[in-house]
Amino acid sequence: MAIGGAAAAAAGKAGGAAAAGEYWSEALKSFLDHIPVSSVSGAAQSFPSPALELNLDGSVLDAIGSMYRGDVGGAVIVDEVHSTLGKFVDRDIGFVDFPSLVLWALEELDKVRTEREDKSSDFLSSLERHPQIAETKIAWLAKLFLLEPFFPVRSHDTLFHAMLLFSKHQRLNVIPVVESVNSSVDGFVTQNAVIELLLRSSGLEWLDKIADKQLSEFRFVKASKPVSVYSDQPAADAFRVLSKEKTGVAVIDRKTKCLTGMIQCSDVYLLLDDNSLFSNKRTLSCEEFVKLKNKNANGSAEHSSASDSHSILSLRSRAQQRAGLSVTNRKSDTLKQAMENLEASGSSCSFIVSEHGLVEGVLTTRDIISVFSPPCMDSRIDGGTFFSAALEQAGCRIENGQMIRNSN
């Protein structure tokens, strides 16, 4: 059954919920629990195990090199269990993304750099000259919270399950898809892929009632605080901000205060593709970096087409999608328009700008997913959510984290 058809058919059942307890089993199934994870783009690849695996005792240098050569934006962290209990113990224990490792290494290299540093050296060679950084174990990085938790879903699990995981775990950006315990990872669910699938239900009342609201009606837009750098600052400054914030950095013109570009975590692979970008990151301005990344991305169509057939986590295909102008929206735009912008660009965030180009806020893919999650899952969401509407239809409401059935 088509996505829209499944949701619409299930919606008919929810209206008869007789008690608050039944609301959760019926209303959730009505719109999300009838959509299998296998419907999400990238959840099921057409070839065996697209996931790169890294051992817990592996080094940072080997991890970055393996991901870069394999053109993958992340890898599953495994710990081999050598005992009779091995088959009962999860070998997959985490997930690490390529940008997090590169940004951490950049920060550490900055601490040890000297005036006599070879300006012509590339990123990986610079790492090799500093074994105290290059040989750092992946396990040690867990202390810095650089590893994401490993919360897999199965292909027959539902979109509701995946969205609950994204909403509950703020450090979770990618959800692996497996067939059984300790089986290889068959694919991944990303936040952008969830938004893409939600948009396939556009036109249905349950989605449009929320998605057609203006962004100004959502609390997270008012509370969001975008991070920014001036266009004439060194690109290295933007990478330091990325290392701490893990979200898109707005590049602002110092005179006009207007948005001129965006630098995201997904851009850091360019430091390995182009040695001059790495060696000149302290003298190259953010504005120049943005122009060069767009030029490089536009010229990497060959890499992109090859990567697109391999994995949703491909480094270059994702960066290619995000080439060009920054993703922006106005407060007067609808949530659906923002969702469409993020889907089209593949970006993880959209900057909210005024009519004069001034940055007023930022909207992330996680913000959007939270809108369609239960109100008790994220206290920052204030009204207008899908589940609030579903509760209303079922004759219930949430007060102080408790579900209450309205009196007749």
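The following exercises, with worked solutions, concern the predicted model shown above.

**Exercise 1. The chain as a whole**

Determine how many helices and strands the chain contains, and what share of its residues is buried.

*Solution.* Begin with the secondary structure: the chain holds 20 helices and 14 strands. Next, consider burial: of the 408 residues in the chain, 51% are buried. The accessible surface is about 18400 Å², and carbon and sulfur atoms account for 50% of this area. Finally, turn to the contacts between residues at least 6 apart in sequence: 63% of them join residues at least 24 apart.

**Exercise 2. The sheet S1-S2-S3**

Describe the sheet formed in the order S1-S2-S3, and state which strands lie at its edges.

*Solution.* Establish the type of sheet: the three strands make an open sheet with mixed pairing. Strand S1 (53–55) and strand S3 (92–97) are the edge strands, since each pairs on one side only. From one strand to the next, the twist averages 35°.

Proceed to the individual pairing of S1 with S2, which is parallel and extends over three bridges. Within this pairing, Leu 54 has Ile 77 of S2 as its bridge partner.

The last step places the helices. H3 lies across S1, S2 and S3 and runs at about 170° to S1. H4 also packs on the sheet, where it touches S2 and S3, and its direction makes about 65° with that of S3.

**Exercise 3. The surroundings of strand S5**

Explain why strand S5 (residues 174–178) is described as largely enclosed by the rest of the structure, and identify its partner strands.

*Solution.* Count the buried residues: five of the five residues of S5 are buried, and the strand is therefore largely enclosed by the rest of the structure. Then separate the two faces. Val 174, Pro 176 and Val 178 are buried on one side, and Ile 175 and Val 177 are buried on the other, so that both faces are covered.

Now examine the neighbours in turn. Strand S4 (residues 153–154) runs parallel to S5 and is joined to it by two bridges; here Val 153 stands opposite Val 177. Strand S6 (residues 187–190) pairs with S5 in the antiparallel sense, over four bridges. Val 174 of S5 has Thr 190 of S6 as its bridge partner.

**Exercise 4. Burial of helix H9**

Decide how far helix H9 (residues 191–199) is enclosed, and name its buried residues.

*Solution.* Eight of the nine residues of H9 are buried, and the helix is therefore largely enclosed by the rest of the structure. The buried residues are Gln 191, Asn 192, Ala 193, Val 194, Ile 195, Leu 197, Leu 198 and Leu 199.

**Exercise 5. Aromatic pairs and a charge over a ring**

Classify the aromatic pair of Trp 104 and Trp 140, and compare the burial of the two residues.

*Solution.* The structure holds five aromatic pairs. In the pair of Trp 104 and Trp 140, the ring centres are 6.5 Å apart and the planes make an angle of 55°, which gives a tilted arrangement. Trp 104 belongs to helix H4 (residues 98–112) and Trp 140 to helix H7 (residues 138–141), so the pair ties together parts that are 36 residues apart in sequence.

To assess burial, apply the cut-off: a residue under 20% relative accessible area is buried. Trp 104, at 7% relative accessibility, therefore counts as buried, whereas Trp 140, at 38%, counts as partly exposed.

A further pair is that of Phe 218 and Phe 220, which is stacked, with 5.5 Å between the centres and 20° between the planes. Both Phe 218 and Phe 220 are buried.

A charged residue also takes part in a ring arrangement: Lys 281 lies over the face of Phe 278, 4.3 Å from the ring centre.

**Exercise 6. Positive phi values**

Locate Asp 71 and Lys 246, and determine whether each is buried or partly exposed.

*Solution.* Asp 71 is a residue other than glycine with a positive phi, near 55°. Asp 71 is situated in the loop between helix H3 (60–70) and strand S2 (74–78). With a relative accessible area of 13%, Asp 71 is buried.

Lys 246 likewise is not glycine and has a positive phi, near 60°. Its loop lies between helix H12 (235–245) and strand S8 (249–252). Lys 246 has a relative accessibility of 37% and therefore counts as partly exposed.

Terms used
Residues are numbered from 1 along each chain as its sequence is written. This is a predicted model: local features need pLDDT of at least 70, side-chain atom pairs count only at pLDDT 80 or more; totals for chains, interfaces and linings use all residues. Side-chain values use heavy atoms; hydrogens and water are left out. Buried means under 20% relative accessible area, exposed over 50%, partly exposed in between (1.4 Å probe, protein chains only). Two strands pair if DSSP finds at least two bridges between them. Rings of Phe, Tyr and Trp (its six-membered ring) pair if their centres lie within 6.5 Å; planes under 30 degrees apart count as stacked, over 60 as edge-to-face and the rest as tilted. A charge sits over a ring if NZ of Lys or CZ of Arg is within 6 Å of the ring centre and within 35 degrees of the ring normal. Contact means heavy atoms within 4.5 Å. Accessible areas come from the Shrake-Rupley method with a 1.4 Å probe; for residues, only the protein chains shown count as cover. Axes are lines fitted to C-alpha atoms, for helices over the stretch in contact, and angles run from 0 to 180 degrees between N-to-C directions.
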